[in-house]
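Dear colleague,

I am passing on the structure we talked about, and below it you will find my notes on what turned up when I went through it. Please read them with the model open beside you.

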Amino acid sequence: LRARGSSGVKRCHGAMFGDGVYCAPHVEHAAFFAEAVPVETESGTRYYQVVFQCRVRPGSFKVHNDGLGEVFVVASEADIRPYAALLGECSADGTPTLAYREDW
């Protein structure tokens, strides 16, 4: 990923709070922006959302509220690192099927 949409992932969703890498401190919030991905299994099609868990350098981000919760905007790609991929089962429209996202 590249901050500011240069030489990497293009800016999308309008960059509500300016340029940077957007992340959320809660998986439920981040999952709201994740598309449902169909996976064919022996028992039929199941859907999952993929959310990356990241480490962010303390003090390197600005905190905003987008109406759903806190959003961190990290200006420099050097200050954020993905370290886990979280999978959550959901319906085709992205509604979680787990009672709690802590079960991810």
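**Strand pairing and the core**

Val21 stands opposite Val74 in β5, and this pair is a convenient place to start. Please keep in mind throughout that the model is a predicted one.

The pairing between β1 and β5 is antiparallel and consists of 3 bridges. These two strands belong to an open sheet of 3 strands, ordered β1-β5-β4, in which the pairing is antiparallel. Its edges are formed by β1 and β4 (61-65), each of which pairs on one side only, and the twist from one strand to the next averages 30°.

Val21 and Val74 also appear together in the largest nonpolar core, whose 5 residues are Val21, Cys23, Phe72, Val74 and Ile80. Both β1 (21-23) and β5 (70-74) supply at least two residues of this core. As a general point, nonpolar side chains in soluble globular proteins tend to be buried together. If neighbours within four places in sequence are left aside, Val74 is in contact with Gly20, Val21, Cys23, Val56, Ser60, Phe61, Asp79 and Ile80.

Asp79, which is on that list of contacts of Val74, lies in the loop between β5 and β6. Asp79 counts as buried because its relative accessibility is 17%, under the 20% limit used for that class. Not counting residues up to four places away in sequence, Asp79 touches Arg55, Val56, Arg57, Ser60 and Val74.

**The other sheet**

A further open sheet of 3 strands has the order β2-β3-β6, and here too the pairing is antiparallel. Its edge positions are held by β2 (37-41) and β6 (80-90), each with a single partner strand, so one side of each has no neighbour in the sheet. Neighbouring strands of this sheet are turned against each other by 40° on average, direction ignored.

Strand β3 (residues 44-56) is joined to β6 by 10 bridges, and the two run antiparallel. Along this pairing, Val51 stands opposite Leu86 in β6, while the bridge partner of Val56 in β6 is Ile80. Ile80 is also one of the residues of the core described above, and Val56 is among the residues that Val74 contacts.

On the β2 side, β2 and β3 pair in the antiparallel sense over 5 bridges, and they form a hairpin with 2 residues between them. Within that hairpin, Val37 has Tyr48 in β3 as its bridge partner.

**Aromatic pairs**

Searching the whole structure gives 2 aromatic pairs. In one of them, the ring centres of Phe32 and Phe33 are 5.2 Å apart and the planes stand at 85°, so the pair is edge-to-face. Phe32 and Phe33 are both exposed. In the other, the rings of Phe61 and Phe72 have their centres 4.3 Å apart and their planes at 20°, so this pair is stacked. The Phe61 and Phe72 pair links distant parts of the chain, with Phe61 in strand β4 and Phe72 in strand β5, 11 residues apart.

How exposed or buried are Phe61 and Phe72? Phe61 is partly exposed, with a relative accessible area of 24%, whereas Phe72 counts as buried at 14% relative accessibility. Phe72 is also a member of the nonpolar core.

**The helix and the chain overall**

The secondary structure of the protein amounts to 1 helix and 6 strands, and from the N terminus on, the elements run β-α-β-β-β-β-β. Ala31 is found in helix α1 (residues 27-31) and is buried, with a relative accessible area of 3%. Although Ala31 and Thr95 are 64 residues apart along the chain, their C-alpha atoms are separated by 9.5 Å.

For the protein as a whole, 20% of the 104 residues count as buried. The exposed area is about 7300 Å², of which carbon and sulfur atoms supply 54%. Among contacts with a separation of 6 or more, 58% are between residues 24 or more positions apart.

With best wishes

Conventions. Residues numbered from 1 in each chain as written. Predicted model: local features only at pLDDT ≥ 70, side-chain atom pairs only at ≥ 80, totals over all residues. Heavy atoms only, no water. Core = buried A, V, L, I, M, F, W, Y, C linked by side-chain atoms within 4.5 Å. Buried < 20%, exposed > 50% of the residue type's maximum accessible area, 1.4 Å probe, protein only. Helix = DSSP H or I, 4+ residues; strand = E, 2+ residues; numbered from the N terminus. Contact = heavy atoms within 4.5 Å. Pairing = 2+ DSSP bridges. Axes fitted to C-alpha atoms, helices over the stretch in contact; angles between N-to-C directions. Areas by Shrake-Rupley, 256 points an atom, 1.4 Å probe, with all protein chains shown as cover. Phe/Tyr/Trp six-rings, centres within 6.5 Å; stacked < 30°, edge-to-face > 60°.
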